[in-house]
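User: I am new to this structure. Please walk me through its pockets and one of its sheets.

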Amino acid sequence: MAKRLPPEVERRRRLITRTVPLAIVAIVAFVVGAAVGAPGSPQKEAANRFAEAWARNDFKAMYEELNDASREKVSPGQFASAYREAEQTATLTGLQAGSAGDPESGNGATLVPVPMAVRTVAFGRFEEQLSLPFADGGVAWDPSLAFPGLRPGERLEAEIELAPRAPILANNGTPLAAGSADEREHPLGDSMIDVVGEIGMPSEEELPRLARRGFGPETPVGISGLEKALNARLAGTPGGTLKAVSESGSRTLAQSEPKEGAPVKTTIDPEIQEASVNALAGRAGGIAVLDARNGDVRALAGQAYSAPQPPGSTFKIVTTTAALQKGLVSLDDEFEYTEGVNVGGRFIENANGEICGGTFRQAFAESCNADFAPLGPQIGNDAFVATAERFGFNSPPTLYSENLVAALEPAESTIPQEIGSEVDLGVSAIGQGEVQATPLEMASVAQTVANDGVREPTSVVKNAKLRPEAEPVRVMSKKIADELTELMVGVVVEGTGTAGAITEAQVAGKTGTAELGPKPGTENEENPPQRKDAWFAAFAPAEKPRLAIGVLLIEAEAAGGEVAAPAAAEVLSAGL
């Protein structure tokens, strides 16, 4: 029988027995780690930093990982440009970096592999390995590192195949625009181009954004109207082949089939659209027609929602709304017959120096500046601006969803938040000064009156996801809307807008003529002829409204009642 050791000796022996194997394991692990780069190796950590910085497009942080020799060959700007060019070629939308692998030896360098998940528009999603070469304390960079999967001496090339472009449809499903991007057709005639827009070559500023979506510099895209606003939806998703190309040949990195675009159904009525373009007759300006009940756009001709201009006396609809809401006037109030009025130290005369006055009904029908200019200071800046903003001023037009509006930045109709002095308020009350509006805005003003005082969003599309998120806005009470309707009917029956009358229905409207200053070359004359914009805002039938319209003729040959009102009558007659 073996002799038993004392307890203290036995304990020391067991401790030594356990410790020796652990020490051997630690020594082996250290040796192996030193040989192949265990966790904590500088190259592996640098590779992770480089790949993670790439995933967040931090080219500055990536550049800091390069060794001195690489930095001498490529500047920070050249380095970033190489990656941005590769992004555009690959239509790259994102990268996700995996964990760097253990360093390997190859081609006389230390290579650290990093798995990369690549997301692109045209070539789908795929995985490639990035092999980062290390030498002299940093990444030994060359241009092939600008995209995962490229090998030394290779460059990135893409063969893009465009998807069939989807059609733009009228509210009844009839195509307004159809066919491929380079052979786009308008089956109902060229008058539809005013609303659907055109296809063409993109501007220099748009090239980088379009390239990332697979549209090269020679690719026709939407450049105006709905073709531009909804280009991504209509054009679909390009496909094709992404290649690594070298002098010895090429190999495929990724491949995908193009996906056809989705049709866009609009709220446009083809007959009203054609009538609007015909009524504009090639003149500078615009015409917008809305459904009086729900605000949907029925036609957009010319500069219908661009190039805002002073709205002239059509803005008196807004001024009257604010004055009625504050109880400053009633329809039967009497005004002195005069040729003008002094407001804030400035004499504001009636159009053409005419003498007018009488009841407020008559003043509105004859568009008497002497009765409206004083209302501006009486209403006051805050109430005046607030009323205009309820009508939609100082807000983007609600043609489509907010993200599309934000991307396209269509022109806003505007009024200063702080108008200024009494004279500035007086001038603003008659639609001059710094007040700016589009035909779409003034059509919306008319639609609000026609709809019992509720302004509806002016959507031009029927697709639910593309329509504006805006809610209806109560601008005035039904009582005030009824009073305004009565006043606007008076304009067409016996006032400045009799040329806006039609046989099909009673029109309610308001004329406007905005003076823009002397005609060029006549500034030194005693009474120089003025450049003027002609306006008409209206709806019909007055008793049960169906259509609302805004007409602008820029630098027109005559006043709004003479040229803009007949154009509106032509469109309303066709629409009703």
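User: Which element gives the most to the lining of the second largest pocket?

Analyst: This is a predicted model. In it, α16 gives the most to that lining, with four residues. The elements that give two or more also include α7 and α8. The pocket has a volume of about 570 Å³.

User: What makes a residue part of the lining of the second largest pocket?

Analyst: A lining residue has an atom within 4 Å of a pocket point. For this pocket, 23 residues count as lining. Lys228, Ala229, Leu404, Ala407 and Leu408 lie nearest its centre.

User: How do the residues lining the largest pocket divide by class?

Analyst: They divide into 10 nonpolar, 13 polar and eight charged. The space in the largest pocket is about 820 Å³. Among the residues closest to its centre are Asn352 and Glu515.

User: How do you know that β6 and β11 pair?

Analyst: Pairing needs at least two bridges. β6 and β11 have seven, so they count as paired. The sense is antiparallel. One bridge joins Glu157 to Lys243 in β11.

User: Why is one side of β6 and of β12 left without a neighbour in the sheet?

Analyst: The strand order is β6-β11-β12, in an open sheet. β6 and β12 stand at the edges, each with a single partner strand, so one side of each has no neighbour in the sheet. On average, neighbouring strands are turned by 25° against each other, direction ignored.

User: Which helix packs on this sheet?

Analyst: Helix α5, residues 76-90, touches β6 and β11. The direction of α5 makes about 30° with that of β6.

Technical notes
Residues are numbered from 1 along each chain as its sequence is written. This is a predicted model: local features need pLDDT of at least 70, side-chain atom pairs count only at pLDDT 80 or more; totals for chains, interfaces and linings use all residues. Side-chain values use heavy atoms; hydrogens and water are left out. On a 1 Å grid over the protein atoms alone, a cavity is a set of points where a 1.4 Å probe fits but cannot get out, and a pocket is an open set with protein on both sides within 12 Å along at least five of seven lines; lining residues have an atom within 4 Å of a point. Grid points are joined across faces, edges and corners, and a volume is the space filled by probe spheres set on the points. Ala, Val, Leu, Ile, Met, Phe, Trp, Tyr, Cys and Pro count as nonpolar, Asp, Glu, Lys and Arg as charged, and the others, Gly among them, as polar. Axes are lines fitted to C-alpha atoms, for helices over the stretch in contact, and angles run from 0 to 180 degrees between N-to-C directions. Contact means heavy atoms within 4.5 Å.
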